[in-house]
Every structure is written in structure tokens, then in C-alpha cells.
Amino acid sequence: MSSGGRLGELLVRENLISLAQLQRAHDEQRQSGERLGYTLTKLGFIDETELTQFLSKAYGVPSISLADFDIKREVIDLVPKEVATRHLCIPVNRAGGTLIVAMADPSNLTAIDDLKFLTSYNIEVVVASEAAIREAITKYYEKGVDVEGLWRDLNFDDADGDGDGDGGGSAAIDLSDLAKSADDAPVVRLCNLILVDAIKRNASDIHVEPYEKEMRVRYRIDGVLYEVMKPPLKLKNAMTSRMKIMARLDIAERRLPQDGRIKLKLGKDKEMDYRVSVCPTLFGEKIVMRLLDKGNLQLDMTKLGFEAEPLRAFKDCIHRPYGMCLVTGPTGSGKTTTLYSALAELNKSSENISTAEDPVEFNLPGINQCQMAESIGFNFAAALRSFLRQDPDIIMVGEIRDFETAEIAIKAALTGHMVISTLHTNDAPSTISRLLNMGIEPFLVTAALNVIVAQRLARRVCGECKEEIPLDEAGLREVQVPEELIPMTKLYKGRGTGCTRCNGTGYKGRVALYEVLVINDGLKECILQGFSAAELKNEAIRLGMKTLRQAAITKLLEGVTTIPEVVRCSAPD
């Protein structure tokens with residue numbers, strides 16, 4: 001019998017859970033792949049403390065609270081992170097030839113044998129809750145660099161506040177060089193550590209902002225900006241110059257905006273790109289860096305957040321032999337990922353795919369990607385004209401910004417090509433009004449358009465500290481949850497002040513919300529009759545379109561997100 005089966009049997013025998021609860025936990029466990037003890041506590045069938053005390057008594061080992069321990073680095077280094085994660089254990093202390101290890105399952109003899117072989121120590125087991133061990137693994141093995149405390153500890157006397165930083169640098173900075181740079185000038189160390197810390201915190205953007213009496217560094221994590229540090233103001237010019245050198249920009253030019261790129265090597269196989277934008281402000285140059293992690297690019301449409309029916313409709317539209325598919329939403333709403341996912345779906349050796357992007361964010365094998373260069377006249381319209389002479393099957397245009405680009409894209413869609421592009425509008429129906437306002441004739445819009453997808457990104461409730469909260473009926477009514485579903489709804493949020501995994505926010509990761517508007521015959525007739533955006537929306541809903549608000553409500557009812565996120569990410573219908 002497995003340790004999970006043995007645990008369930010013991011808990012039922014002691015009347016700590018019922019047989020029905022055990023069966024429910026087993027069903028949940030089969031789907032999630034989590035351990036039984038963790039699943040039982042997550043479902044609320046047994047308290048973490050109660051389970052830990054039971055395991056302590058059942059197996060005759062002491063129980064501890066890991067939050068009360070400050071484990072030494074030399075102890076942590078005895079057990080690799082991979083082993084600690086696999087066996088859900090963490091070394092706590094070392095006494096002579098004995099290593100004390102906290103485990104969630106003290107009956108796991110395989111783990112004990114592995115640890116003995118690996119460390120050459122006798123293993124003494126203590127029991128701790130699974131959540132506490134996970135949190136400790138994150139805290140001790142994945143702890144980010146303390147950038148905020150770094151500048152307080154460094155001696156900045158050798159950093160010239162008006163200087164231009166280190167004169168060296170290259171486009172690609174190896175992570176091993178970052179470690180060595182602890183002996184370099186403090187400004188170089190600080191800039192390098194900001195870049196590395198942003199990766200460890202899963203930030204999407206870094207903002208370095210100068211003001212009259214202070215400067216600050218902020219990270220955008222899961223779509224929300226958080227202030228992480230305030231370096232001394234005298235470092236302003238030195239930090240700016242250092243980052244511009246890394247991005248191969250002109251450090252002498254401080255009056256005009258500049259764009260560049262920094263490439264960071266993480267070991268042998270992984271790279272991180274930073275897209276750097278420098279903009280002059282009243283008190284100096286503001287730098288914003290977008291982190292482009294190729295390893296985290298999700299190209300599987302089924303995992304983006306689409307529901308089954310809208311996904312089927314979208315796939316059907318992009319697989320048509322010709323026409324136009326538009327993805328719309330504000331900056332940072334995941335449009336590029338959706339476009340790349342569509343291209344990955346269409347990418348076959350039998351198709352010629354060309355893209356015009358500004359900038360090219362990720363390299364996709366088998367696709368001809370072009371970087372726009374406005375300074376020499378190579379814009380989206382020019383790229384589109386060139387593509388039409390390149391025997392294309394599928395064309396992707398980064399963004400339709402003006403009448404000229406829209407006109408060429410529409411003509412390409414009408415002459416046997418599949419055109420995929422983006423627009424900046426609030427929802428799918430208003431995209432049609434935007435095209436008409438650009439000067440595109442209604443009959444061309446109806447002939448060319450296949451589908452419009454509007455999207456937003458909502459933050460997910462952190463899976464580690466997720467807990468059920470009391471039902472907020474007024475809040476559910478306010479976000480337009482159907483009255484009949486309110487009594488059955490369960491609401492969740494991150495526990496208390498969050499945990500180390502979610503940096504105390506209660507949210508970890510994001511899920512996309514989609515509004516898929518298929519341009520069918522009924523809608524084509526409405527467009528030709530000159531319906532407004534509001535009238536088109538009402539007609540689309542009548543024909544079965546699920547709005548962004550309805551998509552957000554679905555994620556709320558599934559326990560994926562929260563009421564404040566529904567309000568933040570979607571407008572009322």
C-alpha cells in the first residue's frame with residue numbers, strides 16, 4: 001500500500017476525516033497530482049496543524065514549526081534543491097554525524113535512504129506541514145537577491161554621482177560575470193543585481209525612474225507595479241549610463257528617446273532578453289526594460305485561458321484559407337502571445353509565413369520575421385507591400401496603426417491570404433467601429449474579417465496560500481454574477497499577507513480572458529446597416545458571444561481569480 005493510501009486509512013480509522021471526504025480527496029489528487037495530505041488540507045477536510053500532530057503521533061517522530069527556525073546556509077547546502085522538492089523535505093539542523101530533516105511524510109523510506117546516501121549522515125526525521133515545507137524550500141533555495149538592502153550595505157564612496165558608470169560592457173552579459181562583478185564598482189553590481197532579481201521575482205518589466213529628490217526602481221509582477229528599492233539620488237546618472245552601455249545605446253545623447261536590447265545568458269541553454277526603452281523626463285532619463293523569457297513563452301492555445309467553445313471558434317477562423325483575424329486589447333494584455341500561438345498552430349512546412357513586428361519579441365523557427373525600422377522608412381505598410389511579392393500564405397502584422405496599413409492588410413485578406421494582426425480597442429465590437437473610422441469601407445470590413453478576439457490578463461489566486469473566504473453576495477451582484485449561481489459560489493483569496501511564493505501579494509501568475517467575436521452573416525448585415533459599437537455588442541451577445549465580463553465571471557466561479565480582479569480587468573456589460 002502506498003504511503004498516501006496508508007495515511008488516508010489511518011485518518012479515517014481515527015475519525016479525523018470521513019470515508020466520503022477521503023474519496024473526494026483521492027479524486028482531486030488524481031487530477032492535481034498533489035500528495036494526499038496536502039489535498040486534504042487544501043479541501044479544508046483537516047487542519048494543517050491537526051494533520052502534523054497526527055503524523056507525529058502515528059509515526060513517533062517530533063513535529064516542528066518551520067517558521068520558528070532560521071536554517072543555516074551550510075545546512076541547506078547539504079541537500080540539493082531538486083532532492084528537497086522531489087521528496088518534499090528540508091534539512092533543519094546538523095548535530096555531529098546526524099542531519100535533522102523535516103518531512104511531510106515521515107514514512108517515506110525511499111527519501112530517507114536517498115538522503116543518507118547523498119549526505120553520508122544519519123538521518124533523524126521530524127514532521128512539518130507540507131505547506132510549511134514548500135514555503136521553506138522557496139525561502140531558502142529560491143530566495144531572490146536582496147537588492148533593496150544591497151545599496152545600504154555597499155560603500156558608494158567610489159561611485160561618482162555624475163559619472164557614466166563603467167565604460168566597458170557588451171550586449172551579452174554572462175551570469176557568471178554577474179557573480180564576479182561583486183568586486184567591481186558598486187553601480188555595476190547594483191545594475192546587474194536589479195536585472196537578476198527581476199528574473200527571480202518573475203517580473204515582466206523593470207522601471208528605473210528619476211525624480212527631483214529621489215529615484216526608485218519598480219517591478220511589474222503579474223500586471224501590477226511594486227516598488228522594490230530607492231537607490232541614492234547621486235547614483236542616477238551612473239546607473240542610467242551603465243544600463244545604456246549594456247543596451248549599446250549612446251550615453252552622450254540624453255535629450256532623445258532611445259531603444260535597445262540587453263541579452264543575459266543563464267547557464268548554457270537559457271537566455272533572457274531585456275527590451276530597453278530610455279525616455280528623457282524632467283529630472284533625468286527614465287528606463288523601462290521589458291523581460292522577454294523565451295523559455296516561458298506559452299504557445300499551446302489550450303493552456304492560455306480559452307474556454308472550449310471560443311477556442312474552437314477561433315481555431316476554425318484562423319484555419320480558413322483567407323481572411324483577417326484581429327486580436328485587440330491594451331498594452332501588456334498578452335496579444336503577442338496569442339498571435340504567436342496562432343502562428344505556431346498554423347506553422348507547417350507547406351505554409352509560407354511572414355511577420356512584420358516592432359520589435360520582434362521572440363524568434364519562431366520556420367517563420368520569416370521582419371523587424372520594422374521607421375528611421376529608414378521600413379514600416380508596417382512597406383513590409384506588407386513587400387510580403388505580397390514574396391508568395392505568402394499567412395501574414396502577421398504587429399499592429400494596424402493607420403489607414404494605409406489597414407487598407408493593404410484588408411486587400412491581402414481579400415486576395416487569398418490569411419492576415420493576423422492587432423489593434424488597440426477596449427472590446428471586440430468596438431474594433432469594427434475603429435476600422436470604419438480609419439476610413440475602411442463597411443463592405444470591405446465584412447468581406448475580409450473572420451474573427452476579432454479581445455483579451456485581458458487577470459491575476460490568479462496563489463495556489464500555495466489559497467483559502468476560501470466568506471461569500472460576498474453584494475460584491476457578486478455588483479460584478480453581474482447571475483442570481484441563481486450566487487448561493488453555490490465559493491470565493492477564494494491568498495491567505496492573510498500571502499506567502500513567499502507570491503511575494504506577499506496573494507496572487508501568482510495570470511490567466512487570459514477572451515471575448516471571441518466571429519463575423520457571421522447576421523453581424524455582417526448589422527455592419528452594412530451602420531450599427532453602432534453598442535448595438536453590435538448587443539447583437540453579438542444575442543448571437544452567443546461571451547463577453548470579457550462573462551469570461552472573468554467564469555474564472556471567478558472556478559476559484560481562479562477574485563472579485564477585485566474581475567472589476568479591474570473587465571467593464572460591465
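This briefing describes selected strands, helices and contacts of the structure shown above.

The model is a predicted one. One of its features is an open sheet of 7 strands with mixed pairing. Helices H13 and H15 are described with that sheet, since H13 packs on it and H15 lies across S12, S13 and S14. Two hairpins, S5 with S6 and S6 with S7, are treated separately, as are the helices H17, H20 and H21.

**The seven-stranded sheet**

- The strands of the open sheet follow the order S13-S12-S14-S15-S11-S16-S19.
- Strand S13 (368-371) and S19 are the edge strands, each of which pairs on one side only.
- From one strand to the next, the twist averages 20 degrees.
- S12 and S14 run parallel and are joined by 4 bridges; within this pairing, threonine 355 has methionine 396 of S14 as its bridge partner.
- S14 is also paired with S15, in the parallel sense, over 4 bridges; here isoleucine 395 stands opposite valine 419 in S15.
- Strand S11 (residues 323-328) runs parallel to strand S15 (residues 418-423), and 6 bridges join the two. Threonine 328 faces leucine 423 of S15 in the pairing.
- S14 is covered on both faces: Ile394 and Met396 are buried on one side, and Ile395 and Val397 are buried on the other.

**Helices packed against the sheet**

- Helix H13 (residues 308-318) packs on the sheet and touches S11, S15, strand S16 (449-461) and S19. The direction of H13 makes about 60 degrees with that of S19.
- Helix H15 (residues 380-387) lies across strand S12 (353-357), S13 and strand S14 (394-397). Relative to S12, H15 runs at about 165 degrees.

**The packing of H13 and H14**

- Two packed helices are described by the angle between their axes and the distance between the axes.
- The axes of H13 and helix H14 (residues 335-346) cross at roughly 60 degrees and come within 11 Å. This angle makes H13 oblique to H14.
- The crossing in which H13 passes H14 is right-handed.
- On the H13 side, Phe314, Lys315 and Ile318 make the contact; on the H14 side, Thr338, Ala342, Glu345 and Leu346 do so.

**The hairpins of S5, S6 and S7**

- Strand S5 (residues 205-210) pairs with S6 in the antiparallel sense over 6 bridges, and histidine 207 stands opposite arginine 218 in S6.
- The hairpin formed by S5 and S6 has 4 residues between the strands.
- S6 is joined by 5 bridges to strand S7 (residues 224-229), and the two run antiparallel. Valine 217 stands opposite methionine 229 of S7.
- S6 and S7 form a hairpin with 2 residues between them. Aspartate 222, in the turn, has a positive phi of about 55 degrees.
- Strand S6 (residues 215-221) is mostly covered, with 6 of its 7 residues buried.

**Helix H20 and its surroundings**

- In helix H20 (residues 521-528), the buried residues are Leu523, Cys526 and Ile527. They lie on the same side of H20, because they cover an arc of only 100 degrees around the axis.
- The cover over these buried residues includes helix H17 (428-438), helix H18 (442-448), strand S19 (507-518) and H21.
- Glycine 530 follows H20 and has a positive phi, near 85 degrees.

**Helices H17 and H21, and lysine 537**

- H17 and H21 pack with their axes 8 Å apart, at an angle of about 140 degrees. The two helices are therefore oblique to each other.
- H17 passes H21 in a right-handed crossing. Pro429, Ser430, Ile432 and Ser433 of H17 meet Ala533, Leu536 and Lys537 of H21 in this contact.
- Lysine 537 belongs to helix H21 (residues 533-542).
- Is lysine 537 buried or exposed? Lysine 537 counts as buried because its relative accessible area is 16%, and the cut-off for buried is under 20%.
- Apart from neighbours within four places in sequence, lysine 537 is in contact with Asp427, Pro429, Thr547, Pro572 and Asp573.

Note on methods:
Residues numbered from 1 in each chain as written. Predicted model: local features only at pLDDT ≥ 70, side-chain atom pairs only at ≥ 80, totals over all residues. Heavy atoms only, no water. Buried < 20%, exposed > 50% of the residue type's maximum accessible area, 1.4 Å probe, protein only. Contact = heavy atoms within 4.5 Å. Arc of directions from axis to C-beta. Pairing = 2+ DSSP bridges. Axes fitted to C-alpha atoms, helices over the stretch in contact; angles between N-to-C directions. Parallel < 35°, antiparallel > 145°, perpendicular 65-115°, else oblique. Left-handed = near helix turned anticlockwise from the far one by under 90°.
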